[in-house]
Amino acid sequence: MTTQDQINDYWTGRAPSYAAYQLQPDRLADDIAAWSRVWAGALPPAPLDVLDVGTGSGQVAAILAGLGHRVTGIDLAPGMLEQARSSYGNVDFRLGDAVEPDFPEAGLDAVTGRYVMWTLRDPEAAVKNWIRLLRPGGTVAVVDSTWFPNGPQDFYDPSVWQSLPLAQATDINQTAAVLSRAGLADVTVTPLTAIYELDEKYGVAPGHEVQMQYLITGRA
Ligand SMILES: C[S@@+](CC[C@H](N)C(=O)[O-])C[C@H]1O[C@@H](n2cnc3c(N)ncnc32)[C@H](O)[C@@H]1O
């Protein structure tokens, strides 16, 4: 079984509880409002052709569609896609690899991904491939944090997480550097203070601690 197979199995197993966590009624409206502001600020005005990689249970893709973008969400965990499709009808969800997305070159305006960089088997190769899919001037916008300085021990076997270049990141600039090395221009890191305040109020997903999350953007 490959590293990627193990990652896919993990997320398919966790998909029902992951989706349920994101759909909690007590926080849903605040989450959607805050994240809509983040993604509206991260991208040029709609309508854009957007690919959301590692889309999981689909919340980011659905928010982007709600902002007026034409969105495709890809993930390699069938269980996550099942959750996404059952929750959101306004997005085209497909089985697909974030590291090697199979889409026509120069056909997109933006590639997005939340909480995905840390779990990619080759994040730099992934960003290089995203750049090929973007039209000139297109945007990569990712959100992540330094969630697991000691490794994501509650998620994967050490043999898996020790092979992931960003799984043990201790500084968000390690993630930003991957975007720059892959060839993006104007790489910018923005702390998401409104999301931090939301996390302090409502808590974060199991296996995580409240930490500053960052929006990292770059231009193709
Ligand atoms: C922490 S979840 C984030 C889900 C979603 N982006 C969100 O913000 O809730 C990470 C997701 O990345 C997916 N993933 C990991 N490696 C992937 C790859 N190479 N290609 C596509 N999806 C991948 C997992 O299946 C999982 O759904």
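The legends below describe close-up views of a predicted model, beginning with the bound ligand and ending with two details of the backbone.

**View 1. The ligand and the residues that surround it.** In this predicted model, the ligand is surrounded by 22 residues, and the closest of them are Tyr18, Gly54, Asp75, Ala98 and Arg114. When the residues of this shell are divided by class, 11 are nonpolar, 7 are polar and 4 are charged. Helix H1, which runs over residues 3–22, gives the most to the shell, with 5 residues.

**View 2. Polar atoms of the protein beside the ligand.** Two nitrogen contacts can be followed here, one to the backbone and one to a side chain: a nitrogen atom of the ligand is 2.7 Å from a polar backbone atom of Gly54, and a nitrogen atom of the ligand is 2.9 Å from an N or O atom in the side chain of Asp97. An oxygen atom of the ligand, in turn, has a polar side-chain atom of Asp75 at 2.6 Å. On its own the ligand has 600 Å² of accessible area, and the protein covers 99% of that area.

**View 3. The largest cavity, in which the ligand sits.** The search of the whole structure finds 2 cavities of 30 Å³ or more, and the ligand sits in the largest cavity, which holds about 390 Å³ of space. Its lining is made by 30 residues, and those nearest its centre are Gly54, Thr55, Asp75, Val116 and Thr119. At least two residues of the lining come from each of H1, strand S1 (49–53), helix H3 (59–66) and strand S2 (70–75), while H1 gives the most, with 6 residues. By class, the lining of the largest cavity divides into 15 nonpolar, 10 polar and 5 charged residues.

**View 4. The second largest cavity.** About 290 Å³ of space lies in the second largest cavity, and 19 residues line it, with Tyr18, Tyr21, Gln22, Tyr115 and Ala205 nearest its centre. Tyr18 therefore appears in two of these views, being listed among the residues closest to the ligand and among those nearest the centre of the second largest cavity. H1 and helix H2 (25–42) each supply at least two residues of this lining, and H1 gives the most to it, with 4 residues. The lining is made up of 10 nonpolar, 5 polar and 4 charged residues.

**View 5. The largest pocket.** The volume of the largest pocket is about 170 Å³. It is lined by 13 residues, of which Trp147, Phe148, Gly151, Gly207 and Glu209 are the closest to its centre. Divided by class, the lining of the largest pocket has 5 nonpolar, 6 polar and 2 charged residues.

**View 6. Two details of the backbone in loops.** The peptide bond that leads from Ala46 to Pro47 is cis, with omega near 5°, and Pro47 lies in the loop between H2 and S1. A second detail concerns Ala106, a residue other than glycine whose phi is positive, with a value near 55°. Ala106 is placed in the loop between strand S3 (92–95) and strand S4 (108–114).

Methods: Residues numbered from 1 in each chain as written. Predicted model: local features only at pLDDT ≥ 70, side-chain atom pairs only at ≥ 80, totals over all residues. Heavy atoms only, no water. Near = heavy atom within 4 Å. Polar contact = N/O pair within 3.5 Å; in protein donor to acceptor, adjacent residues only side chain to side chain. Areas by Shrake-Rupley, 256 points an atom, 1.4 Å probe, with all protein chains shown as cover. 1 Å grid on protein atoms, 1.4 Å probe; cavity = no way out; pocket = protein on both sides within 12 Å on 5 of 7 lines; lining within 4 Å. Sits in = over half its atoms within 2 Å of the grid points. Nonpolar A, V, L, I, M, F, W, Y, C, P; charged D, E, K, R; others polar. Points joined across faces, edges and corners; volume = space filled by probe spheres on them.
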